Amino acid sequence: MRQINVAAAQMGPIQRAEGREVVVKRMLALMDEAKGKGADLIVYPELALTTFFPRWYVEDQAQVDAWFEHDMPNDAVRPLFERAAKYEMAMNLGYAELTPDGHHFNTAILTDRSGKIIGKYRKIHLPGHAEFDPERAFQHLEKRYFEPGDLGFPVWRNLGGIFGMAVCNDRRWPETYRVMGLQGVEMVLIGYNTPSVNSQKSEEGPEKRLFHNRLSVQAGAYQNSCWVVAVAKAGVEDGFPLIGGSLIVNPDGEIVAEAKTERDELVLHACDLDATVFGKKTIFDFARHRRIEHYGLITSRTGAIPPP
Ligand code: CDT
């Protein structure tokens, strides 16, 4: 048994006017509670330090850059790193990254028990659009504010296991999990900010959105025989609702813990990494069963081309 006590730290809304110090205080309170419950790892959402700013159309780049972190850790988030180190708790955290040479990414990091960053992932599947779209009920400007990630889907050894990361929309793509699955991933950590209503289809509301969330995460876990921890920023930000539904899914694809609110809430589970072994040795033994001679289109073609 290789048991890891995981705390999925769902966060309630962050309003546009709120500063990082207030948010970090909330994150520290969640970390304290996680420590009290014996957590080895705390997982925070995508863009955990700010409101989900891609809903706002902003032309002034300096104003945009104020939503980005120029260093990690920086003064605002250092208390999180220090307390995680004191608690010997690993941490996964999503934030907007501005690199020294001016690149913008939607990033997640992973620390070890000493608070040292051991892994970085930059979101690859950026949803939405780059220009103001008057047809939508609200904007989703990730393609305007971020570049696609340039680090691939690596995995890291941590806490005696093999960990991977993805960010929000990545969870809807089977390729995300499979590339990590091919590196033996045992637990995938995912933060998300998912609007409760489809901006282009008003009848698609929170129930359907929560269904797609579970469907994607459960399929990824089952098909790669790994744990998946998916953590929301939830609730109403400046009038715009985001789904909750943070969940922990086992390597059989079953939900073992799920959030009940749209507020700051810990979702906890003791995850045995050895539970990944059976599936990896049997039905999803990739080395025995995969047929890569038939998968060429996956990497040679991007969009679907129907036959004539
Ligand atoms: N943050 C993010 O990637 N949100 C997207 C919304 C896309 S609309 C389905 C998501 O996939 O949840």
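A pocket is an open set of points on a 1 Å grid over the protein atoms alone, with protein on both sides within 12 Å along at least five of seven lines; its lining residues have an atom within 4 Å of a point. A molecule sits in a pocket if more than half of its atoms lie within 2 Å of its grid points.

This is a predicted model, in which local features need pLDDT of at least 70, side-chain atom pairs count only at pLDDT 80 or more, and totals for chains, interfaces and linings use all residues. Residues are numbered from 1 along each chain as its sequence is written, and side-chain values use heavy atoms, with hydrogens and water left out.

**Stop 1: the ligand.** Select the ligand, which takes up the space of the second largest pocket. Then display the 14 residues that surround the ligand (a heavy atom within 4 Å); the closest are Lys 123, Cys 168, Asn 169, Arg 172 and Thr 194. By class, this shell has 4 nonpolar (Ala, Val, Leu, Ile, Met, Phe, Trp, Tyr, Cys, Pro), 6 charged (Asp, Glu, Lys, Arg) and 4 polar residues (the others, Gly among them).

Next, inspect the polar contacts (pairs of N or O atoms within 3.5 Å). Oxygen atoms of the ligand lie 2.7 Å from a side-chain N or O atom of Lys 123 and 2.7 Å from a polar side-chain atom of Arg 172. For Glu 142, the partner is a nitrogen atom of the ligand, at 3.1 Å. The protein covers 85% of the 350 Å² of accessible area (Shrake-Rupley method, 1.4 Å probe) that the ligand has on its own.

**Stop 2: the pocket around the ligand.** The second largest pocket has a volume of about 410 Å³ (the space filled by probe spheres set on the points). Its lining comprises 20 residues, with Pro 127, His 140, Asn 169, Arg 172 and Arg 209 nearest the centre. This lining divides into 5 nonpolar, 9 polar and 6 charged residues.

**Stop 3: the largest pocket.** Move to Pro 174, Glu 175, Val 179, Ile 298 and Thr 299, which lie nearest the centre of the largest pocket among its 17 lining residues. About 600 Å³ of space lies here. Helices (DSSP runs of H or I, at least four residues) H5 (174-181), H6 (206-224) and H9 (296-300) each supply at least two lining residues; H5 gives the largest share, 4 residues.

**Stop 4: backbone geometry.** Most residues other than glycine have a negative phi, and most peptide bonds are trans. Select Met 72 and Pro 73: the peptide bond between them is cis, with omega near 0 degrees. Finally, select Glu 88, where phi is near 55 degrees, and Asp 238, where phi is near 50 degrees.

Note on methods:
A polar contact is a pair of N or O atoms within 3.5 Å; within protein, one must be able to donate a hydrogen and the other to accept it, and residues adjacent in sequence count only if both atoms are side-chain atoms. On a 1 Å grid over the protein atoms alone, a cavity is a set of points where a 1.4 Å probe fits but cannot get out, and a pocket is an open set with protein on both sides within 12 Å along at least five of seven lines; lining residues have an atom within 4 Å of a point.
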